[in-house]
Amino acid sequence: MKFPRSTGLPYLCLLCMMLVAAPTAVLAGEDWKPVDPADLALKEAVVEKDADAEVLTWDVHVNDNDVNDLVFNHYIRIKVFTERGREAHSRIDILYPGKAKVKDIAGRTIKPDGQIVELKKEDIFERTVVKAGGRKVKAKSFAMPGVEPGAIVEYRWREVFSSASADHLRLELQRNIPVRNVTYHIKPYSGPYASAMRAQYFNMTEAPKIVKKDGFYTMTMTNMPAFREEPRMPPEDQVRTWMLLYYTPDNKLAPERYWKEFGKRVHELVKPLMKANDEVKKAAEEAVGDATTPEQKLERIYDFCRTKIKNSSNDAAELTNAEREKLKANKSPSDTLKRGVGDGADIDLLFAAMASAIGLDARVALTAARNKIFFNPNFTDPYFLEPTSIAVRLGDGWRFFNPGYNYLPFGGLRWQEEGTMTLVTDPKEPEFVITPVTPPGRSLEKRTAKLRLDADGTLEGDVRIEYTGQAAVEIREYNDEDSPAQREETLKSRVQARLGGAELSNIRIENVTDSVKPFVYAYHVRVPGYAQRTGKRLFIQPAFFQRGVGQLFPTSTRRNDIYFNYPWSEEDYVEIQLPEGYALDNAEAPSQFGAAELSQYQPKLSVSTDGRILVYHRKFFFGGDKAKGGVATPFPASSYSQLKAYFDELHKQDNHTIAIKQGAAATATTSTAKPSN
């Protein structure tokens, strides 16, 4: 998928103030490192005694003193101790960002007796991996041959970023297993206009050892514990150990002064890129038409930019590959208007120019996306800030808009840019503003099911699920690059993962790329054995959409803070037609409970007047208020027991089971849940 807020961004010329260097790297020798017999004979891990596997050596060579591509050469050697370790490291996924290329993969397994089994090149393939939270990343995957407990697995690869800027270099220092030794060999840029190379450390108690020799800086860390993902944790950069190398002149400005000066410079750099000539002014006037209020005018300009300009950053845009290759870079809003096509940044800048043309104050706004890290202004470097939206002053405050991102409605931002510090540029007084957070009710998953239960326990019927707000943005991003057939397979897999044996048919997936209408899944489903039969009774879970969903927080302890991406709400309406001759058998409804403005859970259970249809209605939201910031800030790990207890109770009530009995008298009563004490 494309993120036009940062793709082809013409106003990224603001980075001209940073040194740009494009490095390459050369791996020191193509031979495998000699194996220490002591490592081959090792019976347990050194860093964490109970580890199933441990990295013995992780070497990365980076040469930042060349003019070609940016290349990282990785070499990793892993010792496997247990059967779980064998399962985990028999298949390797080398994850990489979309703009990178992974080349020259080689691997081998050294068995405990010293026998060596080489990885075959035909066993290497590319696939898409779904990370926690549903994020898709590309991976080079391969199965290591002959892995067994006691073996050593080692592989190397080259990661290439074409013509990449190396003004900042990320050095990862943790893996999902313990690391005995991680070493980076870096040759810094030393050409014209070179600035000093500096380092910023994240989530570590002491700085690593750095030695300079023969023009290289060698950085080594030992005994790194494993990084372990936890459900609903803060972004990895916020909790994982890593470091950032960057080039910058000596900066002695205090943070407040630094960001003020930076905001001024950015404003001057982007000002020409938002200039409205006569054609842009005319287009703005025509787009506004008879609108009277500033907000109405702005909404019409927003719609104009979304509908009249083809977004080349959008995979769904009606552009062939040949047309995309012929596209010229737009140098001004008038170019974008004249050509009728531009990337997301072009569209943002045209929107700003048209807003300015009708007398509104529009600025470029820079945000540190909170899906990456929580911005700390005391780190005086713009690495974490990027242009994400256009700020327009309406009344006494700023409103934020991103028409260049095709899934956002008027006035919406992606959750990653909500509830976080955003720098509004200005020629005199730039300022940080906290962007608003979408309330739970606007990010709704609305689910409806009209089902029929047979006497053998089979449940069958029609389902419709609608997503709005941030929930819709996320699921569109997940589906937008897939073919219709792939989208259907994804849906089937999701349903079957919680309802084993479920059969789906008549699938419809609607409004995949429409930012205004809800994203919709609709399908017919048949679930054999949904209800369990005992004698004359059938036991059924009325919360159909929660059937098979596991606990959100399954562990009793917690290392990291708890973090929810955005506030959300759920509303379920389930009708279940009971089998002929069956009726409710003293059924009780699940209990309501809540946490004031933060969250409420409201299930209701009723039966039709003729006793034939069971009706289950469930409402739930989480992330309201919390000092008006929703869930933009994490809950401390110390509050884990309370949050776990809350969601455990939710899981318990969602799994509430009722009985229906054959031959029981039908009742016309309605059972409604009462709040629990």
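Trainee: Why is Glu466 called partly exposed?

Mentor: Its relative accessible area is 22%. Buried means under 20%, exposed over 50%, and partly exposed in between, with a 1.4 Å probe and protein chains only, so Glu466 at 22% counts as partly exposed. Keep in mind that this is a predicted model, where local features need pLDDT of at least 70, side-chain atom pairs count only at pLDDT 80 or more, and totals for chains, interfaces and linings use all residues. Residues are numbered from 1 along each chain as its sequence is written, and side-chain values use heavy atoms, leaving out hydrogens and water.

Trainee: What makes Arg464 and Glu466 a salt bridge?

Mentor: Their closest N and O atoms are 2.9 Å apart. A salt bridge needs a side-chain nitrogen of Lys or Arg within 4 Å of a carboxyl oxygen of Asp or Glu, so this pair qualifies.

Trainee: How do you know that Lys264 and Glu261 pair up too?

Mentor: Their closest N and O atoms are 3.7 Å apart, so the cut-off is met here as well. Both sit in helix α4 (residues 255-270), 3 residues apart, which means about one helical turn separates them.

Trainee: And Arg170 with Asp237: why does that salt bridge tie together parts 67 residues apart in sequence?

Mentor: Because Arg170 lies in strand β9 (residues 168-172) and Asp237 in helix α3 (residues 236-239). The N to O distance is 2.8 Å.

Trainee: What makes Asp237 buried?

Mentor: Its relative accessible area is 14%, so Asp237 falls on the buried side of the cut-off. Arg170, at 27%, counts as partly exposed.

Methods
Helices (H or I, at least four residues) and strands (E, at least two) are DSSP runs, numbered from the N terminus.
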